[in-house]
Amino acid sequence: MTAFDLSGKTILVTGASSGLGRQTAVTASEFGARLVITGRNEARLSETFRELKGDNHLQIVADLTLQDDINRLVAALPELNGVVHSTGISDLSPARFITAETIAKTFRISFDASVLLTAGLLGKKKLAKGNCSIVFISSISTRYPFVGGAMYISAKAALEAYARVLALELAPKGIRVNCVAPAFVRTPMLDETAANYSQEAVNMIEARQILGLGDPTDVANSIVYYLADASKWVSATSLVLGGG
Ligand SMILES: NC(=O)c1ccc[n+]([C@@H]2O[C@H](COP(=O)([O-])OP(=O)(O)OC[C@H]3O[C@@H](n4cnc5c(N)ncnc54)[C@H](OP(=O)(O)O)[C@@H]3O)[C@@H](O)[C@H]2O)c1
């Protein structure tokens with residue numbers, strides 16, 4: 001057993017039907033964790049479920065923009081030793097086109113969903129006291145913004161601020177709270193974002209990452225560190241995964 005071992009831990013991963021959430025769930029299962037995975041798309045969530053190593057895992061379909069679904073998910077959960085929030089949508093809105101609907105749509109999934117799920121988990125005492133870890137996926141764009149990213153980046157900045165307060169509140173219970181802030185990683189979300197830019201702009205973005213585009217395993221391995229006892233003295237941080 002090493003400090004990175006996750007056996008004996010039960011971990012909830014949101015956004016597990018795709019991209020970084022899917023890879024995080026699979027990698028955490030390889031490190032021995034029992035997983036509870038959630039996402040909206042049942043077929044893709046089941047694909048992730050089939051990729052998990054070990055047994056005793058659970059999958060629960062939920063739309064985290066709906067309070068009833070959050071309540072149903074929380075009620076169905078066992079006690080958790082870790083939570084990874086990996087839901088999100090890409091949004092490119094030049095400032096002059098931002099409407100109340102743009103703000104609500106982006107924040108509802110990129111901020112509200114994680115905050116309300118956390119409130120539910122705390123309210124129903126689903127987080128194990130003493131050694132529990134919460135990880136939010138932010139973005140390097142809060143430090144290095146991109147044109148059109150006002151709403152996406154604002155929601156991530158809000159999430160990072162929220163995470164720091166949560167870390168203060170939950171430290172006495174032995175619950176750690178951290179963020180990872182990746183640069184561009186090859187996932188379906190990146191394909192969607194890149195489709196809205198010219199090839200020249202995409203090349204420029206890639207060139208900024210001197211180690212190239214990230215692979216989902218690069219993010220998943222960092223999240224395993226935060227979930228594992230290896231990080232038991234680490235809270236209120238945000239780890240930049242910038243590709244150099
Ligand atoms: N990829 C990158 O380059 C990158 C870089 C920095 C940060 N991030 C962040 O990393 C996180 C994961 O991104 P990704 O690249 O893995 O994106 P992705 O492949 O598009 O996955 C997004 C996930 O969010 C889920 N989701 C969206 N709306 C939802 C809702 N209303 N209720 C429940 N789940 C919902 C999706 O579920 P369904 O498909 O089932 O609807 C999917 O599992 C996001 O927060 C993103 O902002 C990504």
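Start with helix α4 (residues 100-123) and helix α5 (residues 150-170) of this predicted model. Select both. Their axes lie 9 Å apart, and the packing angle is about 20°. Angles under 35 degrees count as roughly parallel, and α4 and α5 are therefore roughly parallel to each other. Look at how they pass: the crossing is right-handed.

Now show the side chains between them. On α4, pick Thr102, Ile103, Thr106, Phe107, Ser110, Phe111, Ser114, Val115 and Thr118. On α5, their partners are Met151, Tyr152, Ala155, Lys156, Ala158, Leu159, Tyr162 and Leu166. Colour this contact by class. You should get 11 nonpolar, five polar and one charged residues.

**Next stop: α3 against α4**

Keep α4 on screen and add helix α3 (residues 67-76). The axes of α3 and α4 come within 10 Å and cross at roughly 40°. α3 and α4 are therefore oblique to each other. This crossing, too, is right-handed.

Which residues of α3 meet α4? Select Gln67, Ile70, Asn71 and Val74. Facing them from α4 are Leu116, Leu117, Gly120 and Leu121. The class count for the contact of α3 with α4 is five nonpolar, three polar and no charged residues.

**Next stop: α1 against α8**

Hide those helices. Select helix α1 (residues 19-30) and helix α8 (residues 216-227). Here the axes come within 8 Å, with a crossing of roughly 55°. α1 and α8 are therefore oblique to each other. α1 makes a right-handed crossing with α8.

Display the contact residues. α1 contributes Gly19, Leu20, Gln23, Thr24, Thr27 and Ala28. α8 contributes Pro216, Thr217, Val219, Ala220, Asn221, Ile223, Val224 and Leu227. How do the residues of this α1 and α8 contact divide by class? Eight are nonpolar, six are polar and none is charged.

**Next stop: the ligand**

Centre the view on the ligand and show its shell. There are 27 residues around the ligand. Label Gly15, Gly19, Gly88, Thr187 and Met189, which come nearest. You have met Gly19 already, in the contact of α1 with α8.

Now trace the shell back to helices. α1 supplies at least two of its residues, and so does α6 (188-194). Colour the shell by class. It divides into 11 nonpolar, 13 polar and three charged residues.

**Last stop: the sheet**

Clear the side chains and switch to a cartoon. Select the strands. Seven of them form an open sheet, with parallel pairing. Read across in this order: β3-β2-β1-β4-β5-β6-β7. Which strands lie at the edges? They are β3 (58-61) and β7 (238-241), and each pairs on one side only. Turn the sheet to see its twist, which averages 15° from one strand to the next.

Zoom in on the β3 edge. Strand β2 (residues 34-39) pairs with β3 in the parallel sense, over four bridges. Pick isoleucine 37, then look across to β3. Glutamine 59 stands opposite.

For a final view, bring back the helices you have visited. α4 and α5 are the roughly parallel pair. The pair α3 and α4 is oblique, as is the pair α1 and α8.

Key: Residues are numbered from 1 along each chain as its sequence is written. This is a predicted model: local features need pLDDT of at least 70, side-chain atom pairs count only at pLDDT 80 or more; totals for chains, interfaces and linings use all residues. Axes are lines fitted to C-alpha atoms, for helices over the stretch in contact, and angles run from 0 to 180 degrees between N-to-C directions. Angles under 35 degrees count as roughly parallel, over 145 as roughly antiparallel, 65 to 115 as roughly perpendicular and the rest as oblique. A crossing is left-handed if the near helix is turned anticlockwise from the far one by less than a right angle, and right-handed if clockwise. Two residues are in contact if their C-beta atoms, placed from the backbone, lie within 7 Å. Ala, Val, Leu, Ile, Met, Phe, Trp, Tyr, Cys and Pro count as nonpolar, Asp, Glu, Lys and Arg as charged, and the others, Gly among them, as polar. A residue is near a molecule or strand if its C-beta atom, placed from the backbone, lies within 6 Å of it. Two strands pair if DSSP finds at least two bridges between them.
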